[in-house]
Amino acid sequence: MPEIVIALDAMGGDNAPGAAVEGAIAALEEWKDARVLLFGQKGIAEPRERLELVETTEVITNDEAPMLAVRKKPGSSMVSAILAVKEGRAQAMVSAGSTGALLASGMVRLGRIPGVERPALATIIPSRKRPFLLIDSGANVDCLPKYLVQFGMMGSVYMHRILGVDQPRVGLVNIGAEAEKGNQLTKETHKLMCAQEQFCFAGNVEARDIPSGDFDVVVADGFAGNLILKYTEGLAQALVGMLKDEIQSSRKSMLGAAMMKDAFQSFRSRMDYEEQGGAPLLGVNGAVVKAHGSSSARAFKNAIGQAYRMVKTGMVAEIEKGVREIAQAEKKEETP
């Protein structure tokens with residue numbers, strides 16, 4: 001059985017390198033046909049089966065200009081891990097380091113899938129019915145309609161291949177459900193999404209309906225998507241805090257909470273970002289996962305598992321196929 005090799009930036013994130021190393025070891029215990037290349041400083045991990053340390057001397061920090069850092073530090077743990085994928089020494093890469101630097105290194109060092117206009121960050125977010133994918137969640141603040149169509153296709157492929165959703169329903173973020181609502185970007189995107197046949201477009205989705213779970217993929221430009229993501233994170237923290245305050249307000253409330261302990265734990269697990277591990281960078285020519293900056297060992301393990309599934313299911317090839325089909329359909333429409 002051929003191994004799936006994951007390149008791990010062990011120096012990226014608030015809890016690096018300890019959490020990254022622990023997460024890699026835990027991942028190898030679960031996925032027996034995986035191997036991890038740890039990119040980091042000398043001595044961060046003891047040699048063991050299917051775990052190899054590739055020594056690097058530089059680290060890209062969050063306060064550095066992303067593109068400049070990628071160019072000035074080609075020997076950094078992040079760039080070295082990306083290059084391992086480009087050179088075929090690994091099939092996927094995981095990092096909890098600087099988001100901007102990961103985007104830059106993915107674009108400059110790894111390159112885009114042929115035909116992809118802009119890679120996009122895709123974030124799994126819990127909803128009332130089932131998790132959905134928000135794309136783009138911050139990589140491209142200025143977009144053209146054709147970018148958003150590709151985001152919808154890439155998100156649909158991800159949800160089908162990785163989460164097993166049959167015919168994912170794709171929604172376009174807008175200020176109204178009607179086709180004529182919105183700005184020039186959303187109106188034109190709506191027309192293009194209705195015309196394509198590569199994914200199931202379910203229409204516009206208003207912000208208040210995003211958490212309903214009626215859409216499997218929610219498409220937005222990176223500006224709106226990042227606002228949705230950050231507000232959702234903040235609201236979730238606020239709601240949990242408010243609930244905790246109310247529970248602790250009286251003995252009666254605390255007694256009731258004790259009786260609902262299992263329900264509260266289930267709710268907490270549904271809201272836990274570490275369960276998914278990270279956000280895939282879709283559209284680059286390889287499987288890349290951006291783990292949360294404060295990732296624990298468990299989050300690193302799940303991010304590695306996410307990258308593993310992206311390789312196992314041939315997701316990158318499926319995205320390339322979808323982009324090609326969209327381009328072919330556009331050419332047919334242009335032909336008189």
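A polar contact is a pair of N or O atoms within 3.5 Å; within protein, one must be able to donate a hydrogen and the other to accept it, and residues adjacent in sequence count only if both atoms are side-chain atoms. The model is predicted: local features need pLDDT of at least 70, side-chain atom pairs count only at pLDDT 80 or more, and totals for chains, interfaces and linings use all residues. Residues are numbered from 1 along each chain as its sequence is written, and side-chain values use heavy atoms, with hydrogens and water left out.

**Exercise 1. Place T186 and N174, and describe how they meet.**

Step 1. Locate the residues. T186 lies in helix α6, residues 184–195. N174 sits in the loop between β7 and α6. Helices (H or I, at least four residues) and strands (E, at least two) are DSSP runs, numbered from the N terminus.

Step 2. Check burial. Buried means under 20% relative accessible area, exposed over 50%, and partly exposed in between (1.4 Å probe, protein chains only). T186 has 9% relative accessibility, so T186 counts as buried. N174 is buried too, at 8%.

Step 3. Find the polar contacts. The side chains of T186 and N174 make one at 3.5 Å. The side chain of N174 also reaches the backbone oxygen of K181 at 3.1 Å.

Step 4. List the wider surroundings. Contact means heavy atoms within 4.5 Å. Leaving aside neighbours within four places in sequence, T186 is in contact with L172, V173, N174 and K181. With residues up to four places away likewise not counted, N174 touches K181, G182, T186, N204, V205, E206 and A207.

**Exercise 2. Test the length of helix α4 and describe its packing.**

Step 1. Compute the expected span. The rule is 1.5 Å times one less than the number of residues. For the twelve residues of α4 (residues 99–110) this gives 16 Å; the end C-alpha atoms are 15 Å apart, which agrees.

Step 2. Name the buried residues. They are A101, L102, L103, A104, S105, G106 and L110.

Step 3. Find the cover. It includes helices α2 (66–72) and α3 (77–86). Strands β4 (92–95), β5 (120–125), β10 (278–282) and β11 (287–291) are also among the covering elements.

Step 4. Look just past the end. G111 takes a positive phi of about 90° there.

**Exercise 3. Describe helix α7 from its start to its surface patch.**

Step 1. Check the length. α7 has 26 residues and reaches 37 Å from its first C-alpha to its last, close to the 38 Å expected.

Step 2. Inspect the start. A side-chain oxygen of D221 comes within 3.0 Å of the backbone nitrogen of F223.

Step 3. Find the buried side. G222, G225, I228, L229 and A236 are buried. The buried residues of α7 pack against β5, β6 (132–135) and β7 (169–173).

Step 4. Find the patch. Y231, L235, L239 and M242 form a nonpolar patch on the surface, with about 430 Å² of accessible area together. M242 is in α7, residues 222–247. Patches are made of residues with over 30% relative accessible area and no salt bridge; like charges are joined within 9 Å, nonpolar side chains (Val, Leu, Ile, Met, Phe, Trp, Tyr) within 5 Å. Accessible areas come from the Shrake-Rupley method with a 1.4 Å probe; for residues, only the protein chains shown count as cover.

Step 5. Recall the helix geometry. An α-helix has 3.6 residues a turn, so residues three or four places apart point the same way.

**Exercise 4. Which parts of the chain does the K129–D214 salt bridge tie together?**

Step 1. Apply the criterion. A salt bridge is a side-chain nitrogen of Lys or Arg within 4 Å of a carboxyl oxygen of Asp or Glu. K129 and D214 meet at 2.5 Å, N to O.

Step 2. Place the ends. K129 lies in the loop between β5 and β6 and D214 in the loop between β8 (200–205) and β9 (217–219), so the pair ties together parts that are 85 residues apart in sequence.

Step 3. Check exposure. K129 is exposed at 52%. D214 is partly exposed at 31%.

**Exercise 5. Describe the D216–R130 salt bridge.**

Step 1. Take the distance. The closest N and O atoms are 2.8 Å apart.

Step 2. Place the ends. D216 is in the loop between β8 and β9 and R130 in the loop between β5 and β6, 86 residues apart.

Step 3. Check exposure. D216 is buried at 2%. R130 is partly exposed at 33%.
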